[in-house]
Amino acid sequence: MNSRIWLSSPHLSGNEIKYIEDAFEKNWVTSIGDNLNDFENKLEEYLGEDSYVILLNTCTSAIHLALIECGIGYGDEVICQSMTFSASANPITYCGATPIFVDSESDTWNICPIALEEAIVDRISKGVKPKAIIAVHLYGMPYKIDEIHRVAHKHNIPIIEDAAEALGSTYKGKATGTFGRFGTISFNGNKIITTSGGGALICQSKKEKERVIFLATQARDDAPHYQHSQIGYNYRMSNILAGIGRGQMEVLEDRIIARRAMNSFYQNLFADINGVEVFKEPSTDFYSNHWLSAILIDSKVTGKTREDLLLAFLEDNIESRPLWKPMHLQPIFKNLPYYGSNVSEKLFENGLCLPSGSNLTDQDRFRISKVVVDFFK
Ligand SMILES: *Cc1c(COP(=O)(O)O)cnc(C)c1O
């Protein structure tokens, strides 16, 4: 059996272990220390001068804290892009609020400005104005920032950008995650850089950063004993894991270049195959890190489905995966309100994510090409 080709696996630089050892030597085996400070500073520099970053244990926690900071509570409604990973929507329910799902548009596969406005207007007419919007940069592709933020601004609703998959992506030259009231990033093992598990919240003031750190470290009042005036969380990243992030940050640019090269590889590979479209930026305003490369298969043209190709890849021990199954189709969320016109359903039906890691070799690409060429012959 050929060795496994993964969709997206961790890709270490080699320096991570040096920073972990440093934490051991200094005995900062806790949730404060140089690794946290340095990784946070490097991210702030990378994202731009007005960004304040808080490292957390997961991106899911970052979304939860962003919702809390937006004042979301029991009985509120929060709009969420339907086509996404469940971690975008779950934290809404942690707050006792209800997710309202909105369809994608076909250029970026992200939240549709028209369906978004329709949802907001309809919810208001039903007597509950949505209190926040969670918009996602799926697979690293920025959503239509200008259009979406125009709608949100018109109705005065804050946006939380789920940039879990989009570290390194930009829109009109500005980093994704820095446009909304909050942005969130994931360092889970499959993301563009990793700390094994981890996340970050991006906010826009030092004061807000301090508040978030306070909430993320059990909300201890300034008193000599343990005293609490509000509910806290244990969401801070460990200084050990921040050491992995510090090493990963040194190679972020290389990782983006490699992921984008994988996307170019697929553009070439599928260029002459009718009925298959590789997901790409709709214009030069959009710059995707291409965390995952994906295709849409028109089975009327090719006579084959995404499931057929998935199985053909599996025969050669190559991992591929359907696109995210929209939240409004999930058993747990299927009775909640949904606004849209079948775009995300069709994407889910016809889309497939392909091996996209920055650590794939020429031999891996050769095996992938061979499966594709034989399959569409
Ligand atoms: C990975 C991911 C998350 C969750 O990140 P964790 O760090 O695993 O909590 C949230 N949203 C999207 C879109 C993701 O891909």
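1. In this predicted model, the space that the ligand takes up is the second largest pocket. The shell around the ligand is made up of five nonpolar, seven polar and three charged residues, and of the 15 residues in that surrounding group, the ones that come nearest are T60, D162, E165, S186 and K191.

2. Three of these side chains can be followed to particular kinds of ligand atom. In T60, an N or O atom of the side chain is 2.5 Å from an oxygen atom of the ligand, while D162 places a polar side-chain atom 2.7 Å from a nitrogen atom of the ligand. For K191, a polar side-chain atom lies 3.3 Å from an oxygen atom of the ligand. Taken on its own, the ligand has 380 Å² of accessible area, and the protein covers 93% of that area.

3. A reader may next ask which residues lie closest to the centre of the largest pocket. The largest pocket holds about 320 Å³ of space, and of the 17 residues that line it, S106, W109, E277, L296 and L347 are the closest to its centre. The secondary structure elements β10 (276-278), β12 (293-297) and α12 (343-350) each contribute at least two residues to this lining. Sorted by class, the lining of the largest pocket comprises eight nonpolar, three polar and six charged residues.

4. Enclosed space should be considered separately from the pockets. When the whole structure is searched, one cavity of 30 Å³ or more is found, and the largest cavity contains about 30 Å³ of space. Its lining consists of S9, P10, H11, K191, I192, I193, T194, Q248, R259 and S358, and these residues divide into three nonpolar, five polar and two charged.

5. One residue deserves attention when the ligand site and the cavity are read together. K191 is among the residues that come nearest to the ligand, and K191 is also one of the residues that line the largest cavity. In the ligand shell the charged residues number three, whereas in the lining of the largest cavity they number two.

Terms used. Residues are numbered from 1 along each chain as its sequence is written. This is a predicted model: local features need pLDDT of at least 70, side-chain atom pairs count only at pLDDT 80 or more; totals for chains, interfaces and linings use all residues. Side-chain values use heavy atoms; hydrogens and water are left out. A residue is near a molecule or strand if one of its heavy atoms lies within 4 Å of it. A polar contact is a pair of N or O atoms within 3.5 Å; within protein, one must be able to donate a hydrogen and the other to accept it, and residues adjacent in sequence count only if both atoms are side-chain atoms. Accessible areas come from the Shrake-Rupley method with a 1.4 Å probe; for residues, only the protein chains shown count as cover. On a 1 Å grid over the protein atoms alone, a cavity is a set of points where a 1.4 Å probe fits but cannot get out, and a pocket is an open set with protein on both sides within 12 Å along at least five of seven lines; lining residues have an atom within 4 Å of a point. A molecule sits in a cavity or pocket if more than half of its atoms lie within 2 Å of its grid points. Ala, Val, Leu, Ile, Met, Phe, Trp, Tyr, Cys and Pro count as nonpolar, Asp, Glu, Lys and Arg as charged, and the others, Gly among them, as polar. Grid points are joined across faces, edges and corners, and a volume is the space filled by probe spheres set on the points. Helices (H or I, at least four residues) and strands (E, at least two) are DSSP runs, numbered from the N terminus.
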